Number of protein chains: 2
Amino acid sequence: MNMNKTEGLPEQAGNETSDLSKARLRAWLQILKVSRKIEGELREKMRLEFNTTLPRFDVLAALYRERDGMRMSALSKSLMVSNGNVTGIVDRLVTEGLVVRVPVENDRRASIVQLTEAGEKDFAERALVHEGWVSELFSDLSPGDADALIRILRNISHHNEAPHD
Amino acid sequence: MNMNKTEGLPEQAGNETSDLSKARLRAWLQILKVSRKIEGELREKMRLEFNTTLPRFDVLAALYRERDGMRMSALSKSLMVSNGNVTGIVDRLVTEGLVVRVPVENDRRASIVQLTEAGEKDFAERALVHEGWVSELFSDLSPGDADALIRILRNISHHNEAPHD
DNA sequence: GGCAGATATTTCAAACCCAAAATATTTATG
DNA sequence: CATAAATATTTTGGGTTTGAAATATCTGCC
């Protein structure tokens with residue numbers, strides 16, 4: 001018996017549009033929807049309250065976690081955006097005086113991007129407000145659901161891991 | 001004992017960076033991470049396999065669900081992007097022959113965007129492959145977790161509802 | 001009819017984003 | 001040492017994205 005059941009079997013290649021496949025597609029579309037809505041809200045708040053943009057904030061956040069600074073390549077990997085992209089964002093942060101490019105000893109190709117004192121101060125203040133915004137936008141998210149969400153999403157991240165976490 | 005625990009207490013207004021607030025922030029960052037990674041994978045596949053882009057595919061998908069066509073404003077609301085944005089994407093789809101702009105009876109301001117036969121055919125084929133990609137990227141997502149994910153994310157969507165779902 | 005305000009869309013400037021090519025530098029290998 | 005391959009970053013070209021301003025049109029009110 002059990003001959004026609006597929007439990008334990010690997011997924012069938014030609015089995016397009018199974019129920020499971022459709023459920024996963026719905027899940028993905030829902031992730032996309034929430035992601036876009038929250039990102040839009042945060043972008044607007046950033047602009048109105050802080051007169052800055054989300055990508056710039058993200059760069060500052062990454063640098064705040066690594067006080068010794070990061071290379072451009074480390075930044076782009078951490079933020080999951082392209083190399084060339086980070087160049088422009090860091091350029092703007094430099095002109096704003098929030099970060100600096102420090103040459104690397106013994107490697108004249110690379111440079112390390114670091115928060116200035118002003119950048120550190122600015123970010124520290126803004127991070128608190130930002131966390132408040134997020135908490136407000138997610139105020140329907142119970143502790144249990146938050147944990148479940150994080151667990152499920154981590155599973156997905158880990159599976160699609162290109163280099164490492 | 002148990003005197004210092006805060007379980008059951010309502011959220012404190014001035015209590016920035018409470019545990020719950022931090023959990024929600026982590027949840028948001030995880031959503032962002034998954035969203036970016038999956039979007040990047042899909043973008044690359046779209047480019048290599050279909051020689052198209054994600055935004056164009058999204059517009060075709062919306063139009064495929066509404067065979068009678070949609071107004072520009074309905075499109076931008078549905079995709080949660082700005083009005084001006086849709087203009088450029090539809091322009092490109094028009095030159096590719098996948099959609100057409102049909103004037104609206106009694107309202108010369110508006111136009112209705114509709115799939116052409118070629119657009120319909122193209123999308124129908126690609127949608128199946130796309131669903132397969134998503135299912136593969138989410139292959140670690142069990143049916144139970146998919147349902148939980150959708151439920152939790154819907155809660156969040158509903159809370160942040162500007163006009164309607 | 002005339003006209004103020006609302007609505008639908010496009011245009012515009014600035015920023016972001018990617019992939020690929022270009023540049024500069026370092027490392028490894030003969 | 002020379003030089004091919006690898007590495008780090010910037011530049012480039014095409015596309016996407018937003019918010020605001022500009023256009024065109026419609027609706028309601030006098």
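1. Which element gives the most to the surface near DNA strand D? That would be α4(B), with four residues. Here "near" means that a heavy atom of the residue lies within 4 Å of the strand, and helices (H or I, at least four residues) and strands (E, at least two) are DSSP runs, numbered from the N terminus.

2. Before you go on: this is a predicted model, where local features need pLDDT of at least 70, side-chain atom pairs count only at pLDDT 80 or more, and totals for chains, interfaces and linings use all residues. Residues are numbered from 1 along each chain as its sequence is written, chains are lettered from A and ligands numbered from 1 in the order written, and side-chain values use heavy atoms, with hydrogens and water left out.

3. Now look around DNA strand D. It has 26 residues about it, the closest being A:Ser73, A:Arg101, A:Arg109, B:Ser82 and B:Arg108. Sugar and phosphate make up 78% of the strand D atoms that come within 4 Å of the protein.

4. Both chains reach the phosphates of strand D: a side-chain N or O atom of A:Arg101 sits 2.8 Å from a phosphate oxygen, and a polar side-chain atom of B:Arg92 is also 2.8 Å from one. For B:Arg56 the distance is 3.4 Å.

5. On to DNA strand C, with 25 residues around it; A:Thr53, A:Ser82, B:Ser73, B:Arg101 and B:Arg109 come nearest. Sugar and phosphate account for 79% of its atoms within 4 Å of the protein.

6. Phosphate oxygens of strand C lie 2.6 Å from a side-chain N or O atom of B:Ser73, 2.9 Å from one of A:Arg92 and 3.0 Å from one of B:Thr87.

Note on methods. Polar contact = N/O pair within 3.5 Å; in protein donor to acceptor, adjacent residues only side chain to side chain.
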